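Good morning, and thank you for coming. Please look at the sequence and the structure as they come up on the screen, and keep both in view while I speak.

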Amino acid sequence: MRAGGGGVLGKLGKSSILVTDIANQFWCERQMEYNYLYGKKYTKYMAQGKQLHQELQQEVYVPLTIEPVTYGDFLYKTAYENYRSMRSLKEKGLCRELRVYGSLNGYRLSGQIDELKVVNDRTVVVERKTTDVDRKFTEAYTRPHIVQVMLYRKMLGDIREKKYTEENFAKIYEVGKTTLSDVFKRELNAMGLQGEMLDTGAMYRKMFGEMYTMPTLDDRLEVVYVDRFSGKQISSIQVEYKEDEMGERISNVMKYWNGERESAPVVEAEKWKCNFCKFFGKECKAWWGQRDLSAAGK
Ligand code: SF4
């Protein structure tokens, strides 16, 4: 498993690839890279999106409000919340904000799935996006979201088929070497958690156990668009999961992470995106000086 150290990950100060990194490559790969190199701004739109996600999560269960102090606490909290989410999927047919881990061509991959729901005894992956009411849902706009939901489907499939197991996870994230901080453990005790329920390794076994046995994964995936202000649904698209198509898309993406090629700016037909990019004319001059950045196809 490649992680940290050198290469492109090292250059970007990362130890693993996020699903959203890959999705963002399908908007503009150079922008994704420059966000790491030159600083990501925490925009008000991102803050609104985060709040909405938290509210949706609380509809299903109350997440642990205890703040992790150490890496071991963080690992435990993730396992506990995922375990509760997976139980909720089986009991209520719905779970939200599930962290998911996997491997892609030897790299660590992680992400957070917005929603899983059970429809006709099958698990459907749903990605929610906040957007504006007047948004046009063009191919260029929806492409990153489709890739994102497909990757989640692939990662869940890998876990369900045991291509990626609790053993893989425990080894890569060194679960066995971690301990809980005293303050975190005291708070868990106060919640009534005792014995095996306080063991991080055991909690991951429970979490993976639930994931191995989740209802069959549907190849029908959903991307739901909600108004960033009201949270109401504006539109949704259905996506058919195709493993071959996913593989083709990913192989070009991996050339970037392997350092076989530089990050690519947007193609000429999509240079209108530069109008909305904070790096345009500053760090990135790929299309700078071009007069016609028409919004055709936006
Ligand atoms: S200016 Fe255009 S090509 Fe450059 S990073 Fe931004 S969107 Fe990509």
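Strands β2 and β3 run antiparallel and are joined by ten bridges. One of these pairings places Cys95 of β2 against its bridge partner in β3, Leu116. The two strands form a hairpin with two residues between them, and in that turn Asn105 has a positive phi of about 50 degrees. I should say at once that this is a predicted model.

Let us remain with β2 for a moment. This strand covers residues 94–104, and Glu97 lies in it. Glu97 has a phi near 55 degrees, which is a positive value in a residue other than glycine. Is Glu97 buried, exposed or partly exposed? It is partly exposed, because 19 other C-beta atoms lie within 10 Å, and a residue counts as buried at 20 or more.

From β3 we can go on in two directions. On one side is strand β1, residues 17–18, which pairs with β3 in the parallel sense over two bridges. There, Ile17 stands opposite Leu109 in β3. On the other side, β3, residues 107–119, is joined by five bridges to β4, residues 122–131, and these two strands run antiparallel. Val118 stands opposite Thr123 in β4.

The turn between β3 and β4 deserves a closer look. This hairpin has two residues between its strands, and one of them, Asn120, takes a positive phi near 50 degrees. Asp121 is also found in the loop between β3 and β4. The phi of Asp121 is near 65 degrees, again a positive value in a residue other than glycine. Asp121 counts as exposed because it has 9 C-beta neighbours inside 10 Å.

We now continue from β4 to β5. Strand β5 spans residues 220–227, and it pairs with β4 in the parallel sense over six bridges. Two partners in β5 can be named here: Val224 is the bridge partner of Arg128, and Tyr225 is that of Lys129. Beyond β5 comes β6, residues 233–240, which runs antiparallel to β5 and is joined to it by seven bridges. Leu221 stands opposite Val239 in β6. The hairpin of β5 and β6 has five residues between the strands, and in it Gly231 takes a positive phi near 80 degrees.

I turn next to the helices, beginning with α5. Helix α5 comprises residues 139–160, which is 22 residues. From its first C-alpha to its last it reaches 30 Å, close to the 32 Å expected at 1.5 Å a residue. Just after α5, Lys162 takes a positive phi of about 60 degrees. Within the helix we find Val149. Val149 is buried, since 24 other C-beta atoms lie within 10 Å. How far is the C-alpha atom of Val149 from that of Asp114? They are separated by 9.5 Å, although the two residues are 35 apart along the chain.

The second helix to consider is α9, residues 243–257. It has 15 residues and reaches 20 Å from its first C-alpha to its last, close to the expected 21 Å. At Ser251, α9 bends by about 25 degrees. Just after this helix, Gly259 takes a positive phi of about 80 degrees. Glu260 also belongs to the segment after α9. With 10 other C-beta atoms within 10 Å, Glu260 is exposed. Glu260 and Val8 are 252 residues apart in sequence, yet their C-alpha atoms are 9.9 Å apart in space.

We come now to the ligand. Which residues come nearest among the 14 around the ligand? They are Cys28, Pro265, Cys274, Cys277 and Cys284. As to its character, the shell divides into eleven nonpolar residues, one polar and two charged.

Finally, a word on confidence. The mean pLDDT of the protein chain is 89, and 87% of its residues reach 70 or more. Among the elements of the chain, β5 has the highest mean pLDDT, at 97, and helix α3, residues 44–60, the lowest, at 59. Where pLDDT is low, the predicted coordinates should not be read in detail. Please keep this in mind when you look at helix α3, with its mean of 59.

Conventions. Residues numbered from 1 in each chain as written. Predicted model: local features only at pLDDT ≥ 70, side-chain atom pairs only at ≥ 80, totals over all residues. Near = placed C-beta within 6 Å. Nonpolar A, V, L, I, M, F, W, Y, C, P; charged D, E, K, R; others polar. Helix = DSSP H or I, 4+ residues; strand = E, 2+ residues; numbered from the N terminus. Expected span 1.5 Å × (residues − 1). Bend = angle between axes of the 7 residues up to and from the residue. Pairing = 2+ DSSP bridges. pLDDT = per-residue confidence, 0-100. Buried ≥ 20, exposed ≤ 12 C-beta atoms within 10 Å, placed from the backbone.
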